[in-house]
Amino acid sequence: MRRMRSLRATITAAATTVAALGLSAVAGTPAQAATPLPAHVFAPYFESWTGESPAALSAQSGAKHLTMAFLQTAAKGSCTAYWNGDTSLPIAQTSFGSDIKTIQGRGGDVIPSFGGYTADTTGTEIADSCTDVDQIAAVYEKVITTYDIPRLDMDIEVDSLDNTAGIDRRNKAIKKVQDWAAANGRKLEISYTLPTTTHGLAAGGLAVLKNAVTNGARVDVANIMTFDYYDNASHDMAADTKTAAQGLYDQLAKLYPSKTAAQLWGMIGVTEMPGVDDFGPAETLSLANAKQVYDWAVAKGINMISFWALQRDNGSCPGGAAADGCSGIAQNTWDFSHIFEPFTSGTTAPSNDFSLTATPAAATVKAGASAVTSVKTAVTSGSAQTLNLTVSGAPAGVTASLSPASVTAGGTSTLTLTTTTAAVNGTYAIVVSGASPSAAHSATYTLTVTGGNGNQCTAAPWASATIYTGGQQVSYKGHTWKAKWWTTGEEPGTTGEWGVWQDLGAC
């Protein structure tokens with residue numbers, strides 16, 4: 001998968017102390033026994049460079065498991081990995097540790113992913129960057145023990161598919177870590193995320209798996225990216241997911257001849273891209289397509305459904321191109337997540353759980369007026385816990401407030417949505433989320449705004465000659481845009497999903 005480029009400081013790789021089995025002793029951290037993932041899991045990618053909270057978005061979307069993108073080195077030749085190659089985000093509890101623990105406490109987990117488009121094209125994917133197999137393995141071990149996670153993902157594409165030395169180092173390091181995990185009684189899974197054709201892996205992706213077999217590295221999940229085909233053809237994205245997975249099944253059957261049909265399907269994962277993908281409208285995954293993929297995945301018994309990415313699961317840019325923060329189609333916030341959420345099975349229900357509803361669940365107001373609804377909670381198992389309530393999805397010109405913002409399960413809060421005359425006419429999905437230490441649930445409230453003038457942007461208009469730095473916002477063609485890094489002269493909306501401007505939606 002792709003991600004935006006970030007400005008990164010040049011670092012000097014620290015030498016890693018090699019201990020038993022060629023791995024590092026990570027600050028004396030023991031190999032704990034992480035809770036295994038369910039046999040069938042929905043784990044969308046979370047874009048970790050956005051500054052958002054994975055625990056908060058997990059609670060809001062209903063996605064209990066997340067694939068965390070990405071881990072890579074800060075400079076080619078380094079053996080030290082950081083989140084997004086950002087030296088301020090080391091592999092440490094200070095980087096997402098609290099969020100990950102919160103997700104795990106609610107019965108979910110995360111899958112840290114190494115690589116991604118940017119790393120794979122800049123030589124900063126850890127096995128491409130570092131030539132010492134023991135140090136690569138040490139990095140993998142550090143991630144496992146720091147966050148106590150049961151699976152690592154390797155997102156290998158573009159240039160990394162041609163780096164045969166990196167492929168071999170990676171699989172040798174995986175084998176070392178698997179031996180270490182087995183010796184310490186830890187359940188550890190490895191997934192490979194690879195690009196695909198509509199009929200299975202191309203030669204480069206297949207070579208990665210063949211090399212794993214040669215090195216004795218166990219691949220638990222082969223996860224194919226069922227989008228961005230770039231073959232200039234029109235696509236039924238659900239049908240193409242099925243044929244791509246069948247092609248992968250046939251390839252796996254040859255690599256692992258002793259496995260049964262059920263075991264082979266149980267090795268397969270698919271990663272979709274909600275709405276319009278990078279190629280354009282000819283490759284659009286609709287909500288109907290997503291339901292077809294879900295039904296097929298349940299019937300086949302595949303291991304994982306994912307999509308790129310959680311922050312795109314909203315309809316704030318209908319009719320647009322692929323973007324970091326929206327799907328490009330008309331949809332409610334979290335529609336794709338809610339379709340795929342039931343795929344996760346085999347987890348234990350929280351001992352202390354609750355329900356959350358909005359009553360009434362919809363309203364129509366004229367711009368300038370307010371709507372009020374009751375957010376009701378109830379204990380469904382165990383004892384009542386304190387619930388923190390949040391709201392997301394309110395568009396420009398609409399202010400959402402909860403009173404109170406925290407209740408004990410069984411209590412009620414009042415959600416007030418206050419609109420201004422600048423609110424844009426339309427129907428919006430307002431998501432109310434409740435989170436306790438052991439569970440998280442959400443409810444959707446549908447707000448329809450009429451009579452608004454809608455086109456009043458508060459950010460300064462974009463100017464081609466102005467220099468903008470990361471975080472600055474501008475208005476352009478009725479939308480608000482945020483700069484991801486330094487830029488000048490780049491027109492918002494023309495630089496694509498991984499360009500400098502993030503579309504924050506209509507204003």
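Which strand gives the largest share of the lining of the largest pocket? In this predicted model, the answer is strand 24, which contributes 5 residues. The pocket itself has a volume of about 1,400 Å³. Among the 45 residues lining this pocket, those closest to its centre are Asn314, Ser316, Gly325, Leu504 and Gly505. Two or more lining residues come from each of helix 1 (54-61), strand 20 (426-435), strand 23 (479-483) and strand 24 (501-506). Sorted by class, the lining holds 21 polar, 17 nonpolar and 7 charged residues. A helpful picture for reading such results is that rolling a probe the size of a water molecule over the atoms shows where empty space is left.

Attention can now turn to a pair of helices. Helix 8 (residues 237-255) and helix 10 (residues 287-300) have axes that come within 8 Å and cross at roughly 30°. Because angles under 35 degrees count as roughly parallel, helix 8 is described as roughly parallel to helix 10. On the side of helix 8, the contact is made by Met237, Ala238, Thr241, Lys242 and Ala245; helix 10 supplies Asn289, Gln292, Val293 and Trp296. By class, this contact between helix 8 and helix 10 has 5 nonpolar, 3 polar and 1 charged residues.

Next come two open sheets. Strands of a sheet pair through backbone hydrogen bonds, either parallel or antiparallel. One open sheet has 4 strands in the order 13-15-19-17, and its pairing is antiparallel. Strand 13 (353-359) and strand 17 (398-403) stand at the edges with a single partner strand each, so one side of each has no neighbour in the sheet. From one strand to the next, the twist averages 20°. Within this sheet, strand 17 runs antiparallel to strand 19 (residues 412-419), and 6 bridges join the two. Looking along that pairing, a reader can find Ala400 opposite Leu417 in strand 19.

The other open sheet is built from 5 strands in the order 14-21-20-16-18, with mixed pairing. Here the edges are taken by strand 14 and strand 18 (406-408), each of which has a single partner strand, so one side of each is left without a neighbour in the sheet. Neighbouring strands of this sheet are turned against each other by 30° on average, direction ignored. Strand 20 belongs to this sheet and also gives residues to the lining of the largest pocket. At the edge, strand 18 pairs with strand 16 (residues 386-392) in the antiparallel sense over 3 bridges, and Thr386 stands opposite Thr408 in strand 18.

Finally, the backbone holds a few details worth a look. Most residues other than glycine have a negative phi, and most peptide bonds are trans. Against that background, the peptide bond that joins Ala69 and Phe70 is cis, with an omega of about -10°. Phe70 is part of strand 3 (residues 65-73). Another cis peptide bond runs from Thr359 to Pro360, where omega is near 0°. Pro360 sits in the loop between strand 13 and strand 14 (362-366), and these two strands are edge strands of the sheets described above. Phe96 is not a glycine, yet its phi is positive, at about 70°. Phe96 is found in the loop between strand 4 (81-83) and helix 2 (97-105).

Terms used: Residues numbered from 1 in each chain as written. Predicted model: local features only at pLDDT ≥ 70, side-chain atom pairs only at ≥ 80, totals over all residues. Heavy atoms only, no water. 1 Å grid on protein atoms, 1.4 Å probe; cavity = no way out; pocket = protein on both sides within 12 Å on 5 of 7 lines; lining within 4 Å. Points joined across faces, edges and corners; volume = space filled by probe spheres on them. Nonpolar A, V, L, I, M, F, W, Y, C, P; charged D, E, K, R; others polar. Axes fitted to C-alpha atoms, helices over the stretch in contact; angles between N-to-C directions. Parallel < 35°, antiparallel > 145°, perpendicular 65-115°, else oblique. Contact = heavy atoms within 4.5 Å. Pairing = 2+ DSSP bridges.
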